[in-house]
Every structure is written in C-alpha cells, then in structure tokens.
Amino acid sequence: MNTLDARGLSCPEPVVMIRKAMQSKENAYRIVVDNTTATENISRFVKNQGYNVVVTQENGDYVLDITK
Amino acid sequence: MGAGTLSEMLKDMKTPYDPLLLVGYDTADDASVYKITDDVAVINTTDFFPPIVDDPYLFGQIAAANSISDVYAMGGTPKLALNVMAVAKEMSKEDIRGVLAGGYDKAMEAGVIITGGHTINCKEPLYGLAVTGFVHPDKILSNSAAKPGDALILTKRLGTGILTTARKADETLVSDRLIQTVYRQMATLNKYAAEIMLKYPVSSCTDITGFGLMGHCYEMADGSHTSIHIKSSKVPVYKEALEMADMGFVPEGAYNNRRHTDGHICPCEGMPLALEDVFYDPQTSGGLLIALPKEHANKCLAEMIAAGVDAAVIGYVTEGMDYHIYLEK
C-alpha cells in the first residue's frame, strides 16, 4: 500500500500530495494528516474519484485509509 | 480570525457608553459610526491582508476595494483613507510602488483621498486601508436590521476563495481567463451596487467577506431576530468552484465558518455538499448582501443588472423561527 505523510502541511498541499500519488491508480492508499481541514478536503477528493475513505484518529493525527 | 474566536476574545471588552456612538462592535457591524452633527456622522473602518495575487498592482486594487467596501455596506460615502502596509524584504521598489499605485487608483475611482499611512518591515507583506466616510445619521445601514417581508439581493458571485485556493495548488486547474474574471470581480468596488441600493428603502446591508455567505447571513439574522431563507439555486456561484470543492480545494476558513454557524442552519435535503462549501467559502472583497422590502427588489435588481452588477435576488426574510438560516431549493 502507498503510504503518505502529510503532517505539518496545510491545505491545499495535502490534497496536491494525494492527487499526485493517486495518478498511479492503485487500489489502496493511506495518508496521515494533522488537521481536520486536510481530512475533509482529502475525503472530498477521493470520494469524488470513486474511492471510499475511513478516518481514524491516532495520537492527535488523522489516518485516512483510502480504498477502491 | 474566525468569527467565533474573535467574539470570544472580545467578550469582556465592552464599548463605553457614548450617546454619539451610533454603531460600535456590539452588533458585529462592519464599521463604527459616530455622530458629529444632526446631519453628519463619521464612519471608520479598516481591513488589510497578505497578498492573494502575484501582481502587486492588482493586489493593491483588491485590498483597497475590500477596505472601502465596509463604508458602502453602512450606507455611507467614503472620503479619506490611510495606507496600512507591511513590506517584506524580498519586495522590490517596483513591487511596493505597484501595491500603493493599485490602492491609489482604486481609491481615486471611489472618490477617496489617500492622505498618508504607516508602513513597517515584516516577514509577510500586508496591505489595506483605514477608511473614513460620512453618512447621514438617519440613513445608516446596519447589518442587523433585516425585516420580515424583505427580499435579499447579493451583488457578487460566490466561490472566489475556493477558486484562488485551487489556482494556488495547481495553475492548470483554473484557467487564466476564469482567474482573471475572479480577480476583476474582487477588484470591483461595491460603489456601483451601493449607489443604486441607496435609491431604495433598504432595511439592512452587509458585505460578504471572510465569514462567507452563511456567516454573514447568520450575523444578519441573529442581529435582526429574524430568519433568513436562501433559495440555493438562485445564488450566483462560479460553477467551477463547485468542481474545485469536490476536488478538495476548500479553504480552511470555509470549515471554520461551517463550525461557527453549526446548529443554526436548516439544511436542504439533496443539496450538493460542494454548493454548501461555496456558501461557507470566505470571500475577499465580496459583494453586498442587501435586505429590502420585497416589492422593491425586482426594480432594484433590474437597475443593478443594467449597470453591469452581477446581482441576484437570493432569498427572503421572515420572523425569527427555529433556525437562523433555512436553505431552500
């Protein structure tokens, strides 16, 4: 699985990161962010691309598991 | 800063009573108004922000249009201004001159004289104006005086925050042509809409800026003890902003605005999330939101459209109900 770390980045950078990564068209990605705006924006983007997303909170960070 | 954070921080700082202070910040209005004589009151307001466009001249124009707008929103005529500026060390003399020239030209267009100002060195550039205007004390427009039976007119298209965020992320996402249209709208003075508005018996007015359409509607409804009903399909929005919201280019301020008004907005079933995002989208130098008796709305709107203002009737006002804002189809 393709795992990305977008902690410390503010929008729109985390979305730019996942957008670039998803050009590889894999079935699953994981991205870790540290703010709710990035969580919301990434969720909007991946749902729009036909993926599902599950968000879990871990030590103040948000882990987004993105699957086809 | 977000509306909620700011009002929390200011809550212990009460405005001292002064019978001549006609508008303070108790009603979250756009500017203060102080009565000088029975015929004249002075309006004071300021606004400044970091560059939102690369071109210094355009940035100066947008920042000035935005600062002056508060005077129009109060029903006044802007007259004097001071530059408020922070210069970063990487800025060239031409850059600095460009920003000031943009501000100067926009002020001239508004009939405003820039008489000086204050400039400091700072890590991040900033620019805006502190503006003084005048209004007849009986003709002040507050943002908290909407009345049941009013219609609501909005005078600029929404979605500029989302589009500038997307453009910042990737220049190919928003075409040059569209972004230039957006920049031109931001640099457009609310003067032309305001001059037409003042011919009508307007109840209440504000300008749409950082709190987005929803945040400013919330303030108007809350301050006037009314409910505001938005006909969602009638609100002028950049359709590309809807696409960019779906792509995840929603600015942080939009989420703050959503949180600040949470529980006060009755959603509309089946309304796309992207359209909601545009309604919460913070606008730079946005349009006027005008409440006026509905029998005058169509005539006022027709006059604005004839004058080239991108306006629409977007909703209406009722007595206060369970929610401050009702989103309708």
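What follows walks through chain A, the two domains of chain B, and the contact that joins the chains, all in a predicted model.

Chain A is a good place to start. Its secondary structure adds up to two helices and four strands, and read from the N terminus these elements come in the order β-α-β-α-β-β. The radius of gyration of chain A works out at 10 Å, close to the 11 Å that the globule rule gives for 68 residues, so chain A is as compact as a globular protein of that length. Laid along its principal axes, the C-alpha trace of chain A covers about 30 × 20 × 20 Å. As for burial, 32% of the 68 residues of chain A count as buried. The contact pattern of chain A can be put in terms of sequence separation: take the contacts between residues at least 6 apart in sequence, and 59% of them turn out to join residues at least 24 apart.

Chain B comes in two parts, with domain 1 spanning residues 13-139 and domain 2 spanning residues 150-328. Between the C-alpha centres of these two domains of chain B there is a distance of 22 Å. The two parts do touch: 19 residues of domain 1 of chain B are in contact with 18 residues of domain 2 of chain B. On the domain 1 side of this contact, helix 2 (56-73) and helix 3 (93-110) of chain B each put in at least two residues. Helix 2 of chain B has the largest share of that side, at 10 residues. Sorted by residue class, the side of domain 1 of chain B that touches domain 2 of chain B holds 10 nonpolar, five polar and four charged residues.

That leaves the contact between the chains. Chain B brings 13 residues to it, and chain A brings 12 residues. On the chain B side, the elements giving two or more residues are helix 4 (160-169), helix 8 (239-246) and helix 9 (252-260) of chain B. Of these, helix 4 of chain B gives the most, with three residues. The make-up of the side of chain B that touches chain A is seven nonpolar, two polar and four charged residues.

Put side by side, the two surfaces of chain B described here read as follows. The one that domain 1 of chain B turns to domain 2 of chain B draws 10 residues from helix 2 of chain B, while the one that touches chain A draws three residues from helix 4 of chain B.

Technical notes. Residues are numbered from 1 along each chain as its sequence is written. Chains are lettered from A and ligands numbered from 1 in the order in which they are written. This is a predicted model: local features need pLDDT of at least 70, side-chain atom pairs count only at pLDDT 80 or more; totals for chains, interfaces and linings use all residues. Two residues are in contact if their C-beta atoms, placed from the backbone, lie within 7 Å. Ala, Val, Leu, Ile, Met, Phe, Trp, Tyr, Cys and Pro count as nonpolar, Asp, Glu, Lys and Arg as charged, and the others, Gly among them, as polar. Domain bounds come from an automatic or database domain assignment. The radius of gyration is taken over C-alpha atoms; the globule rule is 2.2 Å times the number of residues to the power 0.38. A residue is buried if 20 or more other C-beta atoms lie within 10 Å of its own, exposed if 12 or fewer, and partly exposed in between; C-beta atoms are placed from the backbone.
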